[in-house]
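Please follow the charged side chains through this model and consider how they pair with one another. The account begins with a network and then turns to separate pairs.

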Amino acid sequence: MRTLLIGASLCLIAATGTARAQIAIVGEWTGRYHEDQGDRVPGDVQGDFTGVPINDAARKYAEAFDVTRVAMLEHQCQPYNVAHIYRGPNQFRIWEEKDPGTQEIVAYKIFNGTYMQYRTIWMDGRAHPPDYVPHTHMGFSTGEWHGDILTVKTTHIKKEFYRRSGLPSSDLTTLVEHWIRHGNVLSHVSMITDPVYLTEPYVTSEEFVLMERGNQNWLYNCEYVMEVPMDKDDVPMYLPGQNPFVEDFAKKFGLPFEAVFGGAPTTSPDYLPTMERLMKR
Amino acid sequence: MRMRWPLIATTAAVLTTLAGVAAAHHSFTATYFEDRQMEIEGKLLQFMFRNPHSFVHIEAPDENGTMQRWAVEWGGAGQLSGQGVTNQTLRVGDVVSITGNPGRDPADHRLRMQYLRRPADGFEWGRNPGETFN
């Protein structure tokens, strides 16, 4: 009898016989800002360079950066790029594009509400285009599943910023993301490599929660106006050594500027003894 | 900039259905001295009701008595719509009194709106619950 039952079960399994379906990530998602809330939402004083493995080129850029640059006509409606968009306030919608004949997923489509940007993650194994194809804010993405983790690689990303403090990202940035759904929470881990401005990969993470009732506000109408009267050709910036605000964050929290501006070594626990010596100085 | 009222009215009709996206495209703390306040009173020159942030331009004297064009940053149109502010709320020529956080560069003559009052009819914004923006 037992043998018969086991045999029947095996037959049933064979009859249904398909691979386990992929976890679904479709839906409308909104950010949960428990992690890095101060940086991701309101922003803080100028000079927060902590946690980013910046090099000297990035430091020079950040020192010259004037936050009021966003008031320029050319920058008022500038979107965040794909490496940055998930760090700020954002709701997004994910849906599937399926091959009509095979019903296999050809791509995931994402609409990011902030700056109303569309993004495609190709799942059909296609190659990335050559290096000098035009870059976009959302870049060119391909993805593959590893178990229930969607790993996405993105290239051809326009240059923009890692932080509103003026840490720049280059157009040679490569982004690898891992999307992990557990219940109604979608974890998003990014690893950013940038040979121009970073000494090693920059890792960030965020959580998003499924909006069961959907989002009511998907529009982001941005209009260029003369926000603050200025000459058309005026670009707010600081010459070397003349930025009066670059140390504001360090001073506000009583941190050595060397630690705030230090890049990759400062992100390791091994840096703590150095930090203690600097704090005593 | 000459205001095209029919276009702005249409835009406002769309935006009133929106809850307002907090885009936070720049840090207020980095742009303004949030621990300081100053008050200006003068004639409204321009009211730009839009995203990401609305702006009000006021002609008012600076601390030296020299007339300046002040740029006062306000909430996004979607966010303000939820608080009863529309593109018709303020008109060119209105005399208004504004209290705000000054910009970090005094040469910009800019404020972040904290409180607005129009003495002619007593209209005010910024003292009632929910009258805030980000």
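In this predicted model, a network of salt bridges links D36(A), R87(A) and E206(A). Within that network, D36(A) and R87(A) form a salt bridge whose closest N and O atoms are 3.0 Å apart, and this pair links distant parts of the chain, the two residues being 51 residues apart. D36(A) lies in the loop between strand 1 (27-32) and helix 2 (37-40) of chain A, while R87(A) lies in the loop between helix 3 (56-64) and strand 2 (91-98) of chain A. The contact counts as a salt bridge because a side-chain nitrogen of Arg lies within 4 Å of a carboxyl oxygen of Asp.

Are the two partners buried or exposed, or does each fall in between? D36(A) is partly exposed, with a relative accessible area of 38%, whereas R87(A) counts as buried at 8% relative accessibility.

Another pair in chain A joins R126(A) to D124(A) in a salt bridge, the closest N and O atoms being 2.8 Å apart. Here R126(A) is partly exposed at a relative accessible area of 35%, and D124(A) is likewise partly exposed, its relative accessibility being 37%.

Turning to chain B, D121(B) forms a salt bridge with R118(B), with 2.9 Å between the closest N and O atoms. R118(B) has a relative accessibility of 11% and therefore counts as buried, since buried means under 20% relative accessible area.

Over all chains, the count comes to 17 salt bridges, among them the pair of D36(A) and R87(A).

Notes. Residues are numbered from 1 along each chain as its sequence is written. Chains are lettered from A and ligands numbered from 1 in the order in which they are written. This is a predicted model: local features need pLDDT of at least 70, side-chain atom pairs count only at pLDDT 80 or more; totals for chains, interfaces and linings use all residues. Side-chain values use heavy atoms; hydrogens and water are left out. Helices (H or I, at least four residues) and strands (E, at least two) are DSSP runs, numbered from the N terminus. Buried means under 20% relative accessible area, exposed over 50%, partly exposed in between (1.4 Å probe, protein chains only).
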